[in-house]
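Biologist: Could you take me through this structure before I return to the bench? I would like to go piece by piece.

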Amino acid sequence: MSNPANLKYTASHEWVKTEADGTVTIGITQHAQELLGDMVFVEGPAVGRKLKAKEECTVVESVKAAADVYAPVSGAVTAVNSELDSAPEKINEDPYAAWIFKMKPDNAADVAALMDAKAYQAVVDSEAH
Amino acid sequence: MPLKQTPLNAAHRAMGAKMVDFGGWDMPVNYGSQIDEHHQVRNDSGMFDVSHMRVVDMKGVGVRDFLRYLLANNVDKLTISGKALYSCMLLENGGVIDDLIVYFMKEDWFRIVVNAGTADKDIAWMKQQAAQHAPELDITDHPELAMVAVQGPNARAKVWAALPGSQELTEKLVPFSAVEMGVMFIARTGYTGEDGFEIMIPAKAAPFFWASLAEKGVKPIGLGARDTLRLEAGMNLYGQDMDETVNPLESGLAWTVDLKSERDFIGKAALLANPPDHKLVGLVLQDRGVLRGHQQVQTTHGAGEITSGSFAPTLEKSIALARVPKEVQIGDTVQVSIRDKMLAAQVVKYPFARNGKGLI
């Protein structure tokens with residue numbers, strides 16, 4: 001599965017999609033779900049919580065390990081995907097459909113400055129060395 | 001240092017395994033989904049490469065007497081050829097050097113299987129003790145033997161289908177015993193809570209045997225599912241649930257220590273002199289989250305710590321083994337510190353699952 005070209009990415013393996021209303025939707029990448037394996041628990045941030053860029057805000061746990069998810073940009077949480085409470089495995093099935101939370105960014109320019117799919121792929125490749 | 005490889009390394013890669021560094025060994029952690037592999041073993045059959053574990057043969061006159069002294073469990077329980085016994089090997093202070101399985105083959109031959117990560121230290125200890133107490137014994141380890149565990153309700157039937165002649169020889173084999181079949185050694189033992197075999201086979205023959213099992217529909221299972229299966233089955237993992245800093249009585253292993261007989265063994269005096277103030281219990285998480293090793297536990301009788309924890313696929317709950325003050329009782333509610341929260345967990349009797357079924 002390649003990384004969709006219409007998304008932005010972080011070095012900490014989140015994907016970020018800009019919606020028509022200016023909010024962003026956030027999930028973890030294919031590479032991240034592959035590393036973690038079968039997901040068993042997702043704890044999203046509280047709606048309304050103000051986040052700073054790179055702040056830990058969510059935990060995803062696979063059978064194997066727990067991993068932090070970071071806010072890609074500064075802003076406020078507007079929604080959390082409660083479907084993942086009972087079906088965290090959706091992240092494994094389609095990481096780009098199984099979003100974790102949505103934010104209203106403080107600055108749209110911060111989102112534009114994130115990595116594109118090609119730059120993110122270079123990060124993944126460098127981790128694999 | 002390059003990672004050590006088992007004779008099945010190429011087979012794992014060909015089957016799409018995700019390989020990890022497991023204590024210096026290049027081993028499969030899964031072949032896709034760890035949870036699917038877990039269910040495969042509980043519901044049907046799966047095979048594990050456990051060739052990194054080490055076989056040690058002890059031969060010679062007086063080997064039984066030596067093992068009576070070396071091991072915390074009593075090899076006098078072994079009277080029928082092939083019968084196996086689970087035991088700890090202790091330091092003088094009662095700390096656990098390793099847990100192992102010892103098979104009685106003949107009066108002058110016992111076979112021991114030890115953990116991979118502790119094998120070298122175990123053998124050095126055995127030889128050091130033998131030099132003092134039984135210098136005539138021959139202690140030889142067999143890194144050239146591969147080991148494959150086939151586990152699950154259909155495991156034995158599939159081994160019989162894959163290995164001509166094995167059914168006649170092993171159909172009547174009672175649990176926790178073994179028999180030789182030519183150059184192979186077939187034991188009705190395992191680390192999953194399911195029926196099945198653990199089979200030792202010369203390294204050269206292992207890939208063909210593995211492929212024969214695969215042909216009969218036995219699926220490869222990685223170390224990830226091996227860990228959740230053994231945790232559900234309430235089986236200790238050396239290095240997590242016990243090590244040299246704790247004794248078996250505070251590790252849920254009192255049932256493997258024979259303190260009743262007159263026999264002296266290494267560590268006995270320390271165990272008798274220091275009754276344990278902690279014990280190992282099972283926990284089931286009541287709140288949402290995942291229990292993990294090293295999380296702190298608060299009880300009304302004092303603090304404890306999780307030694308092994310995970311999501312349990314059979315139960316679809318998070319479970320753990322935890323070392324807690326001995327006053328803690330089954331049914332108590334305790335608090336587990338997970339990140340910035342205190343989550344409720346119930347103290348339960350384990351095993352959590354056996355023979356395909358959850359017990360909680």
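Modeller: What follows is a discussion of a predicted model, taken topic by topic.

Biologist: Let us begin with the domains. Into which domains is chain B divided?
Modeller: Chain B has domain 1, covering 9-52 + 144-232, and domain 2, covering 277-358. The centres of these two domains of chain B, taken over C-alpha atoms, are separated by 29 Å.

Biologist: How many residues does the contact take from each domain of chain B?
Modeller: The contact takes 12 residues from domain 1 of chain B and 12 residues from domain 2 of chain B. On the domain 1 side, H2 and H8 of chain B are the elements that give two or more residues. H2(B) gives the most to that side, with 5 residues.

Biologist: And what is the chemical character of the domain 1 side that touches domain 2 of chain B?
Modeller: The residues on that side of domain 1 of chain B divide into 3 nonpolar, 5 polar and 4 charged.

Biologist: Let us stay with H2(B). How do the axes of H2 and H8 of chain B cross?
Modeller: The axes of helix H2 (residues 34-43) and helix H8 (residues 223-232) of chain B come within 8 Å and cross at roughly 55°. H2(B) is therefore oblique to H8(B). The crossing of H2(B) past H8(B) is right-handed.

Biologist: Which residues make that contact?
Modeller: H2(B) contributes Gln34(B), Glu37(B), His38(B) and Val41(B), while H8(B) contributes Gly224(B), Ala225(B), Thr228(B) and Leu229(B). The residues of this contact between H2(B) and H8(B) divide into 3 nonpolar, 4 polar and 1 charged.

Biologist: I notice a spacing in those numbers. Why do residues three or four places apart point the same way in an α-helix?
Modeller: An α-helix has 3.6 residues a turn, so residues at that spacing point the same way.

Biologist: Is H2(B) mostly covered or mostly open?
Modeller: H2(B) is mostly covered, with 7 of its 10 residues buried. The buried residues of H2(B) are Gln34(B), Ile35(B), Glu37(B), His38(B), Gln40(B), Val41(B) and Arg42(B).

Biologist: What do they pack against?
Modeller: The buried residues of H2(B) pack against H8 and several strands of chain B, including S2 (25-30), S3 (46-49) and S9 (145-151).

Biologist: A change of topic: how many residues of chain A are in contact with chain B?
Modeller: 9 residues of chain A are in contact with 13 residues of chain B. Strand S4 (39-43) and strand S6 (56-62) of chain A each supply at least two residues of the chain A side. The residues of that side of chain A divide into 5 nonpolar, 1 polar and 3 charged.

Biologist: Finally, the backbone. Where does a residue other than glycine have a positive phi?
Modeller: His294(B) has a phi near 80°, and His294(B) lies in the loop between strand S14 (278-285) and strand S15 (296-299) of chain B. Lys54(A) also has a positive phi, of about 70°, and is found in the loop between strand S5 (50-51) and S6 of chain A. Most residues other than glycine have a negative phi.

Biologist: Are those two exposed or buried?
Modeller: His294(B) counts as exposed because it has 10 C-beta neighbours inside 10 Å. Lys54(A) has 14 C-beta neighbours inside 10 Å, so Lys54(A) counts as partly exposed.

Biologist: Which peptide bond is cis?
Modeller: The bond from Tyr350(B) to Pro351(B) is cis, with omega near 10°. Pro351(B) sits in the loop between strand S19 (341-348) and strand S20 (353-354) of chain B.

Key. Residues numbered from 1 in each chain as written. Chains lettered and ligands numbered in written order. Predicted model: local features only at pLDDT ≥ 70, side-chain atom pairs only at ≥ 80, totals over all residues. Axes fitted to C-alpha atoms, helices over the stretch in contact; angles between N-to-C directions. Helix = DSSP H or I, 4+ residues; strand = E, 2+ residues; numbered from the N terminus. Parallel < 35°, antiparallel > 145°, perpendicular 65-115°, else oblique. Left-handed = near helix turned anticlockwise from the far one by under 90°. Contact = placed C-beta atoms within 7 Å. Nonpolar A, V, L, I, M, F, W, Y, C, P; charged D, E, K, R; others polar. Domains from an automatic or database assignment. Buried ≥ 20, exposed ≤ 12 C-beta atoms within 10 Å, placed from the backbone.
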